[in-house]
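Thanks, everyone; I would like to take a few minutes on one chain, starting with its charged pairs and then turning to one residue in a loop. Please have a look at the sequence and the structure first.

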Amino acid sequence: RDLKVSWGTYADALCNEDFGQLHCNAHNNNLVVVNPSQGGERYLAYLDLDMAFDNETYVDTRTGQVGVSPENHEKLLEKEHANFMEVLAGGDTSSGVPAVAF
């Protein structure tokens, strides 16, 4: 989040715009534990960055507009962070993988 990069949180065709729904790629299965022998200050690394973007590379999937204001991007990052905390706390059990894959 310090880099101001979204993991991939946006409105797509499956989201209900009236309810403010967003697709959010911040799932607990998108993290790996870093081997402590590798050094460094971080113990987790994030994965699955194919949908990641910053405010300049954001694409509105409904209008095709590229880019979003830094203020709106920060709001999006806040929503993503809250959703990720909800997943980690067990309030949302979505792993991003459809049940048919299990």
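Counting a salt bridge as a side-chain nitrogen of Lys or Arg within 4 Å of a carboxyl oxygen of Asp or Glu, we arrive at one salt bridge. Lys4 pairs there with Glu74, with 2.9 Å between the closest N and O atoms. Since Lys4 sits in the segment before strand E1 (9-10) and Glu74 in helix H1 (residues 70-88), the pair ties together parts that are 70 residues apart in sequence; helices (H or I, at least four residues) and strands (E, at least two) are DSSP runs, numbered from the N terminus.

I should say that this is a predicted model, in which local features need pLDDT of at least 70 and side-chain atom pairs pLDDT 80 or more, while totals for chains, interfaces and linings use all residues. Residues are numbered from 1 along each chain as its sequence is written, and side-chain values use heavy atoms, without hydrogens and water.

As for the order of elements, from the N terminus the chain runs β-β-β-β-α.

Now to Asn25, in the loop between strand E2 (23-24) and strand E3 (31-33). Leaving aside neighbours within four places in sequence, Asn25 is in contact (heavy atoms within 4.5 Å) with residues including Trp7, Asp48 and Met51. A polar atom of the Asn25 side chain lies 3.4 Å from the backbone oxygen of Trp7.

Key: A polar contact is a pair of N or O atoms within 3.5 Å; within protein, one must be able to donate a hydrogen and the other to accept it, and residues adjacent in sequence count only if both atoms are side-chain atoms.
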